[in-house]
Amino acid sequence: RLAFDEIFYLQLGLLQQKRAWQERTARIFETDDEWLESQIARLPFALTSAQRRAIQDLRADLASGRPMNRLLQGDVGSGKTVVAALAIAMVVHQGAQAALMAPTSILAEQHYKNLKTLLCGEGKALEEGQIRLLVGATPEAEKRAILIGLASGEIRLLIGTHALIEEPVVFADLQLAIVDEQHRFGVEQRAALRRKGQNPHLLVMTA
C-alpha cells in the first residue's frame with residue numbers, strides 16, 4: 001500500500017507539472033513551406049523520412065503557441081543535429097535567439113562547427129558572426145564580446161557548456177533552448193537554461 005501511494009502521488013505530481021507547462025503560452029513561429037524546403041535543399045545531404053517527420057513535429061510545436069517540450073532520440077550518427085539545426089533556423093530566421101547546451105567543451109565545439117556549416121552561408125538562416133561558442137576556456141575578452149552581442153540580440157545562436165547558464169549570460173530574446181545528452185544534466189541545470197528566456201521552446205536530445 002505504501003509503495004502504491006508513493007507511485008500514485010508521484011504520477012499526480014508529474015501530471016500537475018505537465019498541465020502547468022501546457023497552460024503557459026509561448027511565441028508562435030510559423031514556417032513557410034517554400035522557405036523550409038529551400039533550407040533543406042541547401043543541406044549537404046538528403047534527409048531521411050524519419051528526420052523529415054521529426055522536423056514536421058518540431059514545426060507544429062513551434063507554431064502551437066504553447067512551449068515545446070520535446071525529446072529527440074536517436075543513435076549517435078543518426079542525424080539529430082540536422083533536425084535541431086532546422087528547428088534553430090525556424091526560430092532565428094524570425095529574429096529570435098536560440099541556445100544549445102552540451103555537457104563537454106569537445107562536444108560543444110563539434111556542434112559549433114557542424115551548425116556553422118549547416119546554418120551559415122548564402123540564403124541560409126545565419127550570418128557568420130551570429131553564431132558563437134562559449135565554454136569555460138573562452139578567453140575573457142572574447143567572453144565579454146559574446147555577452148554584449150547576446151544582450152543586444154546581434155548573436156542569434158549561442159552554443160556552449162554549462163557556462164551558458166552562469167549569471168552574466170543574458171539573452172535579448174531566447175526563444176529556443178536545446179540540451180544535448182540531456183541525461184548528463186540535472187533538472188536544475190535544464191531549468192536554469194529555460195529561465196534565460198520567457199517560456200522558451202525546449203528540445204532535449206539523447207542517444
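**Exercise 1. Place strand 6 in the sheet of this predicted model.**
Task: Which strands pair with strand 6, and in what sense do they run?

Solution.
- Start with strand 5 (residues 174-180). Five bridges join strand 5 to strand 6, and the two run parallel.
- Pick a residue pair to check. D180 has M205 of strand 6 as its bridge partner.
- Now trace the connection. From strand 5 the chain passes through helix 7 (residues 187-194) to reach strand 6, and this β-α-β crossover is right-handed.
- Turn to strand 1 (residues 69-73). Strand 1 also pairs with strand 6 in the parallel sense, over five bridges.
- Check a pair here too. L71 has V204 in strand 6 as its bridge partner.
- Result: strand 6 pairs with strand 5 and with strand 1, in parallel in each case.

**Exercise 2. Judge the surroundings of strand 6.**
Task: How many of the six residues of strand 6 (residues 201-206) are buried?

Solution.
- Take the cut-off: a residue is buried under 20% relative accessible area.
- Apply it. Six of the six residues pass, so strand 6 is largely enclosed by the rest of the structure.
- Split the strand by face. H201, L203 and M205 lie on one side, while L202, V204 and T206 lie on the other.
- Both faces are covered.

**Exercise 3. Follow helix 7 and its flanking loops.**
Task: Which residues of helix 7 are buried, and against which strands do they pack?

Solution.
- List the buried residues of helix 7: R190, A191, A192 and L193.
- Find their packing partners. These are strand 2 (97-101), strand 5 and strand 6.
- Look at the loop before the helix. E181 sits between strand 5 and helix 7.
- Check its backbone. E181 is not a glycine, yet has a positive phi of about 50°.
- Set this against the general rule. Most residues other than glycine have a negative phi.
- Check its exposure. E181 has a relative accessible area of 24%, so it is partly exposed.
- Look at the loop after the helix. N199 lies between helix 7 and strand 6.
- N199 has a positive phi of about 50° as well, and is not a glycine either.
- At 23% relative accessibility, N199 is also partly exposed.

**Exercise 4. Read a second crossover.**
Task: In what sense do strand 3 (residues 131-134) and strand 4 (residues 157-160) pair, and over how many bridges?

Solution.
- Strands 3 and 4 pair in the parallel sense, over four bridges.
- Locate one pair. L133 stands opposite I159 in strand 4.
- Trace the path. The chain leaves strand 3, runs through helix 6 (residues 140-152) and enters strand 4.
- Assign the hand. This β-α-β crossover is right-handed.

**Exercise 5. Find the nonpolar cores.**
Task: Which residues touch the most other members of the largest nonpolar core?

Solution.
- The largest core has 45 residues. I88, L115, L157 and I159 touch the most other members.
- Ask which element contributes the largest share. Helix 4 (residues 80-92) does, with 11 residues.
- Note a second core. Apart from the largest lies another, of 20 residues, among them M101, L134, L174 and V179.
- Recall the general trend. In soluble globular proteins, nonpolar side chains tend to be buried together.
- Zoom in on I159. Leaving aside neighbours within four places in sequence, its contacts include L100, A108, H111, Y112 and L115. I131, R132, L133, L134 and L164 are in contact with I159 too.

**Exercise 6. Assess the whole chain.**
Task: What radius of gyration does the chain have, and what would a compact globule of 207 residues have?

Solution.
- Count the elements. There are seven helices and six strands.
- Read their order: α-α-α-β-α-β-α-β-α-β-β-α-β.
- Compare the radius of gyration. A compact globule of 207 residues would have one near 17 Å; the chain has 17 Å, so the two agree.
- Add the box. The C-alpha atoms fill roughly 60 × 40 × 30 Å along the principal axes.
- Add burial. 46% of the 207 residues count as buried.
- Add the contacts. Among those with a separation of 6 or more, 76% join residues 24 or more positions apart.
- Add the surface. The chain exposes about 11200 Å², and carbon and sulfur atoms supply 51% of it.

**Exercise 7. Examine F8.**
Task: Where is F8, and how far is F8 from T25 in space?

Solution.
- F8 is in helix 1 (residues 2-22).
- At 39% relative accessibility, F8 is partly exposed.
- F8 and T25 lie 17 residues apart in sequence. Their C-alpha atoms are 28 Å apart in space.

Definitions and conventions: Residues numbered from 1 in each chain as written. Predicted model: local features only at pLDDT ≥ 70, side-chain atom pairs only at ≥ 80, totals over all residues. Heavy atoms only, no water. Pairing = 2+ DSSP bridges. Right-handed = clockwise from strand over helix to strand, strands pointing away. Rg over C-alpha atoms; globule rule 2.2 N^0.38 Å. Buried < 20%, exposed > 50% of the residue type's maximum accessible area, 1.4 Å probe, protein only. Contact = heavy atoms within 4.5 Å. Areas by Shrake-Rupley, 256 points an atom, 1.4 Å probe, with all protein chains shown as cover. Core = buried A, V, L, I, M, F, W, Y, C linked by side-chain atoms within 4.5 Å.
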